[in-house]
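Got the viewer open? Load the model, clear your selections, and follow along stop by stop.

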Amino acid sequence: MVGPPAAGLINLLPRSMDAGREALGRAGVDPAYLDPTGSAAPMITLAEVAREFARHDWTWFSRLVLAAAEHPTPDDLGSLRVPVTVVSGDLDTLAPPADMAALAAALPDARLVRLPGSHFLPLQFPDALAGELAALATRAQV
């Protein structure tokens, strides 16, 4: 029920949307939410991906999401003995922050990283994610 209206709203995003640090500041976004390099990924990329995402077959997508929700988190996550980084978007409705925090808490060597983004964090914060991957490789001694 949410998909089609969301698709309509996404299509209203201006094509010239390009929000850097200054534009986000004017919009009231806390600078702490920007990636560690102090810059934000251009929002135009996110807007274009969101427009493409909005073209999904929402009946199929709803079935997929509901089927995924039927599978509980495994009980044996505590036996995992490798470093893990869980990256969570504060605005992610498909992988809610509370669920990601619970996942990180269930893992013995997990680092939880919260970013002020959506389900499209690689597009919104590519530098932050690259840094987290490098840090994870160091923790894993790879």
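Start with a pocket: the second largest one has a volume of about 280 Å³. Keep in mind as you look around that this is a predicted model. To see the walls of this pocket, select V65, A68, A69, H71, T73, L94, A95, P96, D99, M100, A102 and L103. Two elements, α4 (58-69) and α5, each give two or more residues to that lining. Which of them gives the most? That's α5, with four residues.

**Zoom out for a moment**

Switch to cartoon and colour by secondary structure: you should get seven helices and two strands. Walking along the sequence, the order is α-α-α-α-β-α-β-α-α. The chain has 142 residues, and 30% of them are buried. Now for the contacts with a sequence separation of 6 or more: 73% of these join residues 24 or more positions apart.

**Helix α5, end on**

Next, select residues 97-106, which make up α5. Which of its residues are buried? Show P97, M100 and A104 as sticks. Turn the view until you look down the helix axis: these buried residues fall within an arc of 65°, so they line one face of α5. On the face turned away from that buried side, pick out the exposed residues A98 and A105. To see what lies over the buried residues of α5, add β1 (84-89) and β2 (110-115), which are among the elements covering them.

**Into the core**

Stay here and select L77, V84, V86, A95, M100, A104 and L107. These seven residues form the largest nonpolar core. Both β1 and α5 supply two or more residues to this core. Click on A104 and list its contacts: beyond residues up to four places away in sequence, A104 touches V86, A110 and L112. There is another core lying apart from the largest one; it has six residues, including V113, L115, F125 and A128.

**Strand β2 and V113**

Centre on V113 from that other core; V113 sits in strand β2. Is V113 buried or exposed? Its relative accessibility is 10%, so V113 counts as buried. Setting aside neighbours within four places in sequence, the contacts of V113 are T85, V86, V87, S88 and E132. Try the distance tool on V113 and S88: their C-alpha atoms are 6.1 Å apart, although 25 residues separate them in sequence.

**A loop stop**

Now jump to R81, in the loop between α4 and β1. With a relative accessibility of 64%, R81 counts as exposed. Draw another distance, this time from R81 to L107: C-alpha to C-alpha it comes to 8.5 Å, for two residues 26 positions apart along the chain. You have met L107 already, as a member of the largest nonpolar core.

**Last stop: the rings**

How many aromatic pairs does the structure hold? There is one. Select W60 and F61: their ring centres are 6.5 Å apart and the planes make an angle of 45°, which puts the pair in the tilted class. Colour these two by accessibility. W60 is partly exposed, with a relative accessible area of 48%, whereas F61 has a relative accessibility of 12% and counts as buried.

Note on methods: Residues numbered from 1 in each chain as written. Predicted model: local features only at pLDDT ≥ 70, side-chain atom pairs only at ≥ 80, totals over all residues. Heavy atoms only, no water. Buried < 20%, exposed > 50% of the residue type's maximum accessible area, 1.4 Å probe, protein only. Arc of directions from axis to C-beta. Contact = heavy atoms within 4.5 Å. Phe/Tyr/Trp six-rings, centres within 6.5 Å; stacked < 30°, edge-to-face > 60°. Core = buried A, V, L, I, M, F, W, Y, C linked by side-chain atoms within 4.5 Å. 1 Å grid on protein atoms, 1.4 Å probe; cavity = no way out; pocket = protein on both sides within 12 Å on 5 of 7 lines; lining within 4 Å. Points joined across faces, edges and corners; volume = space filled by probe spheres on them.
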